Amino acid sequence: MAGPRIDPYYQDVQASGSINSQATPDDFGAQIGRGADQLASGLDAAASTINSIDQDQGRIWAATAVSQKELQLQQAFQTRVNSLDPQDPEYPAKIQAITSDQQAAFTQGQQELMDQAPSKSARKFVGYHMASATLRGTDLAMRTQAQLNGQYTSNLVAQGQKADEDVLAASPDDGTFTTLLKKNADMLGGLTTISPTDKLNLHQKFVNDLSNVQVVSQMSRDPQAFLTAVNVQGGVTTIRGIQVGGVPAGPVANLGADTVKPYTSSNIGSIVQKVQAASEFDPIFQAAGQRFGVSPSELKMRAVAESDLNPNASSGQADGIMQISPAKAKELGIDPKDPAQAINAAAQLLARYQSAAGGDMSKVDQMYYGGEDAKSWGPNTNQYAANLGAVRGALTGASVPNPGDPQVNPLSDNAIAEAKVPLAGWENLTWGQKVNTVRQAEALVGKQLASGRGQIMQQVEDAKASFALGQGYPGYEQLKAKLPAYLGAAQAARVADGLDYAQSISGFMANMATMPTAQRDAFLQTQMGGAPGGDEAAVKAPLYKQALEAVQRVDAQWQKAPIQMAIAHNMPNAAPLDFSSAQAMGQSLKDRVALNNTLTRDYAAPSQMLTEDESHQMAQGLGTMNGGDRVNYLVQAKTAINDDRGFATFMNQVAGKNPTLAYAANVAATGKSVVVDGKSLAAADIGAQISDGDIILNGRSLDKDMGKGAEPSMPTGAKAAQVDEKTLRTLFSTTLGPAAFQSPDPQRSAATQEEVFNAVKAYWVAGQYKQGKPLDVVDGKSFTNAINAVTGGVWSTGAGGQIMPPFGKPMADFQNEWAPRAMQTLKAAGYSDEEAQQVLDRARPYNLADGQYGFLNGTRPMTNRNNGSLVRVNFRDAYTPEAPKISVGTATGDSMPAGLGANLF
């Protein structure tokens, strides 16, 4: 509203300051008064307007500021509520303080806004609006506080109920169940922080949960008793209420093979039945599977598919129970028609194939049929793998129980729901809970029985294995007592009978390893009487077979490592060689002679003086020695052994690949001497020189596993190993012709000739080397001297033979004793004086061994007429002349009785 207009006074004032009109005092005063009135009126109006604006501004500011503050306070409240931790010990106190804290926050917020208000009107409106905001904030806080209190109480209740459930699970009887229900009801009734509806819901849930805990706990404790209470009979042939078993319905797909036909469902079913049925080979499948880490069922399935468990099966390309090809059998070193060897070989192959195929059994099948090279696989290989895959799937899916096993006859779902179980909680369960619990009990009983059958049969196999080792089995009687509950009466009786049979032979198995062969074989025949017949044959025959197989294994061990076996079984005189001193070593070797005699006589073991490790150790030691030390060591060994047969065995093991060294040792061990070119040479020196020559020629160790050594150089610069072999052999043959090595055994003759030649060559090489002479220039005289030194000399007899005297025996003495000794030998062999003389005159003598000689009638050796053995003139024995000396070559054909020549020659 505009006030009265007042003309400004300066309109009447001129620029010079003079007044441009004439005014009277009255006029002037009146105007001033009117102007003042108008001014007052205008000021009132302006003040009113300004007050209205102030009110509006205060109202707007307060509304906006309060809304913002309320939002801030609500956000802070929510953050504070969200930060509360139920695990915080102060959580309950913080819940109780939620409302008061909210009110304090709003009060503080109002004060902050009052302090910030720009005017009185703004402060007035802040108070007005904050009153409403505080009411809303307090209401939210109270509702939140009540909600949190209820949740906290409910959680406490749930924790208490869980503790009660745990108590009931530990003691699920009706008394505990009833007590816990009442306690829970009383506790809920006294609560003030949750609503009656929540209390009811909590109690109803607790009743159901507690009931379920009671029933499930009782069922889990004794599912068999629980099923009896529900009226379900014990045992199991069901899994999840569904009977399992059977084989695929249709045949295997035809992959176009020309010789391997696809299996029909009938083929598959037949193989599955045979795999699941007992067989005499089951112990072998089990043992082989455990040894090589493959499934015994997989081995048996393959045997059924390959040969129908026939050890004598043959397709022309493969043989035996596992149908192994001749080439593969040769590679594995086994007889494919021996079930134990074949099954173990197949297990070894399957383990190798499984590793190569990464467990892919289809590839394993392809390798078994078609080999490890996939390039050779074709339709036949693929069809074979498909066939076995179908059988494997059928075996995996088939769980055909023994009809005699205890079984479950499960109730229908409705019958379970109507069952009256004497448990307080049963009626509080839902229909679904009742059915599910019973099905769980069926499954548990089934699992227990199936597992129990598996465990009980494993214990049976463990007991048999223990008996097979000659050991007892803890809890044997308790094991037999448990059999009927898992296997039924009839099967349990058969299994128990088999266990008793296994136990009856356990003593034999315990002592079998050290039982002399004859005694062991007699026991098998008389005590066990062969595989038993009758109804128990299926059980007893495998055990008897297992005993025979154990005998075979023991025999194999005796054949492979007799000394090691004897040491392992603490037999008399059996102990590791004592290398601590020469005396201890000598005694050890003496003991080995006695042990070797025992093992070869009573255990049909091969002659052996050293274990493989001991032989290796000795050969290594000899490889570091010079020739003289080598021979001296071996001579000491021979002296300690003091048995020609034992020393021969010892040398064969220590220097089996170096007959020259063995020859040198035997020469040196004679302890004698020979005269060569007018000089007496000691046998020890001859043996040492032979050994030195062997080292020079070969430059290698005795041990075949050690590397070849460096070859020494001769003074001329030529290598020691470079000799004129051809000239040496020619000279050797000229001096010692074929007659010197002739015998009824051509192979032995050739081997002996080569052995002597190598010894002579070594002796000559060492002599040349020591004198600084080259080896590629052969001096006939020095080589002849080498022959005489090594052989002790050669006598060319009048009958065309070439024989060597016992090493160290003077040639003249040998020649003088020859005829008398030979006559004595021939007459003792059943020849008359005349016949003996004819043999001396016309039969060709030959070298049998050092100091032993025979006679050849043409190409046939002369034999003892009394016992058929070879006539053997033995210079090793002492000699006492019995008759006048008979001159060689004096008898003629004319002096022979009529018909005698036809009989002898």
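The following paragraphs describe the fold, two hairpins, one pocket and several individual residues of a predicted model.

Because the model is predicted, local features are reported only at pLDDT of at least 70 and side-chain atom pairs only at pLDDT 80 or more, whereas totals for chains, interfaces and linings use all residues. Residues are numbered from 1 along each chain as its sequence is written, and side-chain values use heavy atoms, with hydrogens and water left out.

The chain contains 34 helices and 10 strands, where helices (H or I, at least four residues) and strands (E, at least two) are DSSP runs numbered from the N terminus. Of its 905 residues, 41% are buried, a term that denotes under 20% relative accessible area, with exposed meaning over 50% and partly exposed in between (1.4 Å probe, protein chains only). The accessible surface amounts to about 46,500 Å², and carbon and sulfur atoms contribute 52% of this area; the areas come from the Shrake-Rupley method with a 1.4 Å probe, and for residues only the protein chains shown count as cover. Among contacts (heavy atoms within 4.5 Å) with a separation of 6 or more, 64% link residues 24 or more positions apart.

Two antiparallel hairpins can be described in detail, with strands taken to pair if DSSP finds at least two bridges between them. In one, β3 (residues 673-676) is joined to β4 (residues 679-682) by four bridges, and V674 has L681 as its bridge partner. In a regular strand the side chains alternate between the two faces of the sheet. Along β3, V674 and V676 point to one face and are buried, while S673 and V675 point to the other face and are not buried. Two residues lie between β3 and β4, and in this hairpin D677 adopts a positive phi near 55 degrees. In the other hairpin, β7 (residues 844-849) and β8 (residues 852-857) pair over five bridges, with N847 of the hairpin standing opposite Y853 in β8. Here too the strands are separated by two residues, and G851 takes a positive phi near 85 degrees.

The second largest pocket has a volume of about 1,400 Å³. Its lining comprises 43 residues, of which Y663, N666, A849, D850 and R876 are the closest to the centre. Pockets were identified on a 1 Å grid over the protein atoms alone, as open sets with protein on both sides within 12 Å along at least five of seven lines, and lining residues have an atom within 4 Å of a point; grid points are joined across faces, edges and corners, and the volume is the space filled by probe spheres set on the points. At least two lining residues are supplied by each of α26 (644-654), α27 (659-669), α30 (746-770), α31 (780-791) and β7. The lining divides into 21 nonpolar, 13 polar and nine charged residues, with Ala, Val, Leu, Ile, Met, Phe, Trp, Tyr, Cys and Pro counted as nonpolar, Asp, Glu, Lys and Arg as charged, and the others, Gly among them, as polar.

K480, located in helix α17 (residues 476-487), is buried at a relative accessible area of 19%. Apart from neighbours within four places in sequence, K480 contacts A496, L499 and D500.

Most residues other than glycine have a negative phi, and most peptide bonds are trans. In the loop between α10 (296-307) and α11 (326-332), L309 has a positive phi near 60 degrees and is buried, with a relative accessible area of 18%. Q323 lies in the loop between α10 and α11; its phi is positive, near 50 degrees, and Q323 is buried at a relative accessible area of 13%.

Technical notes
On a 1 Å grid over the protein atoms alone, a cavity is a set of points where a 1.4 Å probe fits but cannot get out, and a pocket is an open set with protein on both sides within 12 Å along at least five of seven lines; lining residues have an atom within 4 Å of a point.
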